[in-house]
Amino acid sequence: MPFVQITWLPKVSRSAAVRKKVADAVIKAMVSVKEAEISPDNLVVRFGEAVDGFPLPKGHSQNPNLQAEQKPDAEAFLKDK
């Protein structure tokens with residue numbers, strides 16, 4: 001079962017309705033990648049708030065400052081794929 005955790009800074013505008021819209025968009029995007037074979041019935045999106053002052057972890061991001069370094073010998077290396 002795929003699990004997506006979205007952690008963001010708390011803001012008043014991030015209401016339950018906004019979280020629902022974001023979750024729907026994430027589910028739609030993930031399910032649309034046919035090769036991933038993800039069923040919306042088995043996908044969970046959860047939200048958390050970063051209030052401890054620690055920076056968000058690096059990962060897949062369009063922001064170069066938030067991109068995690070890829071290891072060429074790792075299975076998920078994307079350079080030549």
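Accessible areas here come from the Shrake-Rupley method with a 1.4 Å probe, and for residues only the protein chains shown count as cover. Display the surface of the whole chain to begin: about 7000 Å² is exposed, and carbon and sulfur atoms supply 57% of that area. This is a predicted model, in which local features need pLDDT of at least 70 and side-chain atom pairs count only at pLDDT 80 or more, while totals for chains, interfaces and linings use all residues. Residues are numbered from 1 along each chain as its sequence is written, and side-chain values use heavy atoms, with hydrogens and water left out.

Switch next to a cartoon view, where the chain reads β-α-β along the sequence, with helices (H or I, at least four residues) and strands (E, at least two) taken as DSSP runs numbered from the N terminus. Of the 81 residues in the chain, 14% are buried, where buried means under 20% relative accessible area, exposed over 50%, and partly exposed in between (1.4 Å probe, protein chains only).

Now select Met 30, which lies in helix H1 and is partly exposed, its relative accessible area being 25%. Leaving aside residues up to four places away in sequence, Met 30 touches Val 4, Ile 38 and Leu 43, a contact meaning heavy atoms within 4.5 Å. Add Pro 40 to the selection: Met 30 and Pro 40 are 10 residues apart in sequence, and their C-alpha atoms are 8.5 Å apart in space.

Move finally to Glu 37, in the loop between helix H1 (16–31) and strand E2 (44–49). Phi of Glu 37 is near 50 degrees, a positive value in a residue other than glycine, and Glu 37 is exposed, with a relative accessible area of 73%.
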